[in-house]
Amino acid sequence: MKRVLLITYYFDPGNAVATPRIMSWANDFFKHEIDLTVVTRHFTGNESHWIDFTKPTDNEINVVKTEAFTAHFLPYKPKKPSYTENNRMLSKLYHLKEFASGHFNTEIDAYHAFRDYCRKLLSEKKTDLILISAPPHNLVRLASELGKEFNLPYVVDFRDIWNNYITGSGHQMSWRGKLMNSMEEFYIARWLKDANLVTTVSKALVHQIERIYKGETAEITNGFEWRLFKPVQETSPPADQFVFASIGTIYPYQNISILIEGLKKFYTQLEDKNSFKLNFIGVKAVDSIADRISTELSEIKPFITSKLPRSEVLNYYKQSHMLFIPAWKQYQGIYTTKIFEYLGSGRLIMVAPGDDDVVDRMVQNTQRGYIANTADEFAAALTEAYQIWKSGNLKPLAVNERELFFSRENQTKILADKIHHILKS
């Protein structure tokens, strides 16, 4: 068994979109001869808004050992001094000073929260490799420093890169944005210089990393947990209502106008209004989106929830016939976790708008649903799916071998194999 130290801000029970990627490694690495130790922070499992994930905690250190891993849950106390709390100007000056010195993501100061404890662990326990998950990107700095201090190889995984604007077309950064991006790239390039491997979630993001890092890179996509989604895929949705659902967070900069106008057109033409149900699961994580949907689609009476525990979310997958995702138009390589889970569920998928990129290709190649770039296209596609359901011919689609490539279990194996290759060489 090879001993790996994983340093990550997000971990169970934290109810974050980042958590499943990390947990897939934690739960399956032992199957690939990796003895995993995790350093993370305490969460309650009731997090629903961004601010919940940044709250300090005074919980004592708790070490939990399972069959698969050992996790060290630490208190979380950001370095930010108290004198900045009630003074906006001092707070801005503090953040500017920290940013200029390479201390990024100070709203999540995992670097200072975890550094001393990780140094202590590495001093006491033989470790073969360090693995970190970013963001927050201050953990890239920690990996670099610990790798040098303890003469250990380290692997950096980016769930998101430092600035998604650099993957976009038609998005002009301000001079301030360009300056900040240059500073971030300068520091991150320095911290990655001695990394043994850098991974990220899509080929487009790999290309961005390769601009500033000359070592080995790899695409490790997000995915769906086959162990969880197999029962979903094998369960038929209700027969008395066609259920159209969005599951997960929708962000303010995603375009939901096609969704709203398309649903209105579809619903106006629908003869049996009671045969259609509209669910937005987890959308209350962003109040402005929830309010807009509730107001503009009031006639349809959408069912809207806050973030829910994983077990409840899986039940909503089971109850759905068609799942909605607004792709990231004019951005490259942004899959989002949602599209993989939609694939694993076996349900039809509605992409609106499309991205002319990875999400569109995935839906087209797997023949899993529809891409709509106008409200008329949306209404027509939804009507077609509804008519298939009404005829009794809409059943969950079996996940094939090609699609199982995108299971988290398979993606974890790919990463584990690369770690073993590093340690052998």
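This text walks through a few helices, single residues, salt bridges and a surface patch in a predicted model.

Helix H14, made up of residues 375-390, is a convenient place to start. At 1.5 Å a residue, the 16 residues of H14 should span 22 Å, and the C-alpha atoms at its ends are indeed 22 Å apart, which agrees. Several residues of H14 are buried: Ala375, Phe378, Ala379, Ala381, Leu382, Ala385, Tyr386 and Trp389. Looking down the axis of H14, these buried residues fall within an arc of 165 degrees, so they line one face of the helix. The spacing fits a general property of helices. An α-helix has 3.6 residues a turn, so residues three or four places apart point the same way. The cover over the buried residues of H14 includes strand S9 (242-247), helix H9 (257-269) and strand S10 (276-281). It also includes strands S12 (322-325), S13 (348-351) and S14 (369-371). After H14 comes Gly392, whose phi is positive, near 85 degrees.

Helix H13, residues 358-366, can be read in a similar manner. Its buried residues are Val358, Val359, Asp360, Met362, Val363 and Thr366. What covers them includes helix H12 (337-345), strands S13 and S14, and helix H15 (401-404). Strands S13 and S14 therefore appear in the cover of H13 as well as in the cover of H14. Just after H13, Gln367 takes a positive phi of about 55 degrees.

Strand S10, part of the cover of H14, contains Asn279. Is Asn279 buried or exposed? Asn279 has a relative accessibility of 1% and so counts as buried, since the cut-off for buried is under 20%. Leaving aside neighbours within four places in sequence, Asn279 is in contact with Val243, Phe244, Ala245, Ser246, Phe303 and Tyr316.

Thr249 sits in the loop between S9 and H9. Although it belongs to a loop, Thr249 is buried, with a relative accessible area of 16%. Which residues does Thr249 touch, not counting those up to four places away in sequence? They are Gln254, Gly282, Ala285, Val286, Lys307 and Lys338. Thr249 and Arg159 are 90 residues apart along the chain, and their C-alpha atoms are separated by 16 Å.

Another buried residue is Leu146, which has a relative accessible area of 1%. Leu146 is found in helix H5, residues 138-150. Apart from neighbours within four places in sequence, Leu146 is in contact with Ile7, Cys118, Arg119, Leu122, Ile130 and Asn151. Leu146 and Ala218 are 72 residues apart in sequence, and from C-alpha to C-alpha they are 22 Å apart in space.

The next topic is charge. Side chains of opposite charge can pair when their charged atoms come close. In this model the count comes to 25 salt bridges. One of them joins Lys31 and Asp28, at 3.3 Å from N to O. Asp28 counts as buried, at 3% relative accessibility. Another salt bridge links the side chains of Arg115 and Asp116, with an N to O distance of 3.5 Å. Here both partners are partly exposed: Arg115 has a relative accessible area of 27%, and Asp116 has a relative accessibility of 49%.

A further salt bridge joins Arg292 and Glu296, at 3.0 Å from N to O. Both residues lie in helix H10 (residues 287-296), 4 residues apart, which is about one turn of the helix. Arg292 is partly exposed, with a relative accessible area of 29%, and Glu296 is partly exposed as well, with 30%. Elsewhere, salt bridges that share partners join Glu225, Arg310, Glu341 and Arg408 into one network.

The last stop is on the surface. Which residues form a nonpolar patch there? Met89, Leu90, Leu93 and Leu96 do, and together they have about 400 Å² of accessible area. Leu90 is found in helix H3, residues 88-100. Leu90 is partly exposed, with a relative accessible area of 32%; a residue needs over 30% to be included in a patch.

Methods: Residues are numbered from 1 along each chain as its sequence is written. This is a predicted model: local features need pLDDT of at least 70, side-chain atom pairs count only at pLDDT 80 or more; totals for chains, interfaces and linings use all residues. Side-chain values use heavy atoms; hydrogens and water are left out. Patches are made of residues with over 30% relative accessible area and no salt bridge: like charges are joined within 9 Å, nonpolar side chains (Val, Leu, Ile, Met, Phe, Trp, Tyr) within 5 Å. Accessible areas come from the Shrake-Rupley method with a 1.4 Å probe; for residues, only the protein chains shown count as cover. A salt bridge is a side-chain nitrogen of Lys or Arg within 4 Å of a carboxyl oxygen of Asp or Glu. Helices (H or I, at least four residues) and strands (E, at least two) are DSSP runs, numbered from the N terminus. Buried means under 20% relative accessible area, exposed over 50%, partly exposed in between (1.4 Å probe, protein chains only). The expected span of a helix is 1.5 Å times one less than its number of residues. The arc is that of the directions from the helix axis to the C-beta atoms. Contact means heavy atoms within 4.5 Å.
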